[in-house]
Amino acid sequence: MSLSNHQPTPVAATAVEMVATSLSKAFNNRPVLRGINVTIRRGEIVAVVGHSGCGKTVLLDNLTGLLQPDAGSVRVVDHSRADRPLIEMIGLDSDRKDQIRLHWAIVFQHNALFTGTVYDNCALWLREHTTLNERKITARVREALASVKLDVDDVLHKPRESLSGGMAKRVAIARAVATDPAVIFYDEPTTGLDPVVSGNIHELIWNTHNRPRQGGEVRTSLMITHDRELLRRLSPRVVMLEGGIVVFDGPYERFLLADVPAAKQYLEHMPALNARPAE
Ligand SMILES: Nc1ncnc2c1ncn2[C@@H]1O[C@H](COP(=O)(O)OP(=O)(O)OP(=O)(O)O)[C@@H](O)[C@H]1O
Ligand SMILES: [Mg+2]
């Protein structure tokens, strides 16, 4: 059953959320991104796919300003302003970048939970970036943990080290959800997880995407994945990287039939890539 067939897709505003133009990045003179052009529209679910090492995480890091590209442009919507202007990220000072990033959340490939309890992990951002008092923060954290189907009373005060892989991934998603982001990035949210946990995460991504933000705005979701079942269920727009460029960009249904040798070969390799250990 496809999640996308039995739930409404959000009214996709056609406004642009993020545009990368001629984006290039090399490490030690070895090019990884060689002129990426991609436009993400508000309300879209986009999956970035491609062989291991092809540059998916490097692309995400360039889009989110964690890495500085060698050439090209990344324009993003500034949700801190009512008129939602598109702003060039490259060259912004770190305070201004942080201001833009306050409206995004990133679920990292290895979760990036810090030492401390589940509550500490989910509450920190709210303490630092909102005026909510601790009682309201607790309520928000509990709601976020419940939304990822965790037993809130059981996990709230558990230390990071005691979580299973699937629980840690849920906590990482709950931490992101608690911030009510306009854009949510996921780097391999189901890699190395068993099919049942993965299935739950597919639903979480879908439900989070379709839950309107406070104020009723749609969210944009961008994920990196090797999970064919995730693609089948969410039916996102697929952007495939190969050799440092975009070799396919279109609906999942077309990706399956695309006359692109790299895509055909990659589709065969997806199950093995997705099964590899997450760490
Ligand atoms: N900080 C860095 N310094 C040097 N090389 C790097 C750095 N970060 C990434 N690379 C290289 O860039 C290439 C792309 O890496 P990236 O992590 O984006 O791959 P990926 O497509 O996300 O792969 P996977 O599916 O395994 O996560 C790799 O060859 C990697 O070794
Ligand atoms: Mg990666």
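Student: What makes the pair formed by Ser 52 and ligand 1 a polar contact?
Tutor: A polar contact is a pair of N or O atoms within 3.5 Å. Here an N or O atom in the Ser 52 side chain sits 2.4 Å from an oxygen atom of ligand 1, so the pair fits the definition. Bear in mind that this is a predicted model, where local features need pLDDT of at least 70, side-chain atom pairs count only at pLDDT 80 or more, and totals for chains, interfaces and linings use all residues. Residues are numbered from 1 along each chain as its sequence is written, chains are lettered from A and ligands numbered from 1 in the order written, and side-chain values use heavy atoms, leaving out hydrogens and water.

Student: Which atoms of Gly 53 and Lys 56 pair with ligand 1?
Tutor: For Gly 53 it's a backbone N or O atom, 2.8 Å from a ligand oxygen. For Lys 56 it's an N or O atom of the side chain, also with an oxygen of ligand 1, at 2.8 Å. As for cover, ligand 1 taken alone exposes 640 Å², and the protein buries 64% of that (areas by the Shrake-Rupley method with a 1.4 Å probe).

Student: How many residues surround ligand 1, and what classes are they?
Tutor: There are 15, with Arg 30 and Thr 57 among the closest; a residue counts if one of its heavy atoms lies within 4 Å. By class, four are nonpolar, seven polar and four charged; Gly counts as polar, and Lys and Arg as charged.

Student: Which element gives the most to that shell?
Tutor: Helix H2, with three residues. H2 (56-63) and strand S2 (30-41) each supply at least two. Helices are DSSP runs of at least four residues, strands of at least two.

Student: Why is H4 called roughly parallel to H7?
Tutor: Their axes are 9 Å apart and the angle is about 25°. Angles under 35 degrees count as roughly parallel, so H4 and H7 get that name.

Student: And why are H4 and H5 called oblique?
Tutor: Their axes cross at roughly 125° and come within 10 Å. Over 145 would be roughly antiparallel, and 65 to 115 roughly perpendicular; the rest is oblique. H4 and H5 are therefore oblique.

Student: What about H5 and H7?
Tutor: They pack at about 130°, with axes 8 Å apart, and are therefore oblique to each other.

How values were computed: A polar contact is a pair of N or O atoms within 3.5 Å; within protein, one must be able to donate a hydrogen and the other to accept it, and residues adjacent in sequence count only if both atoms are side-chain atoms. Axes are lines fitted to C-alpha atoms, for helices over the stretch in contact, and angles run from 0 to 180 degrees between N-to-C directions.
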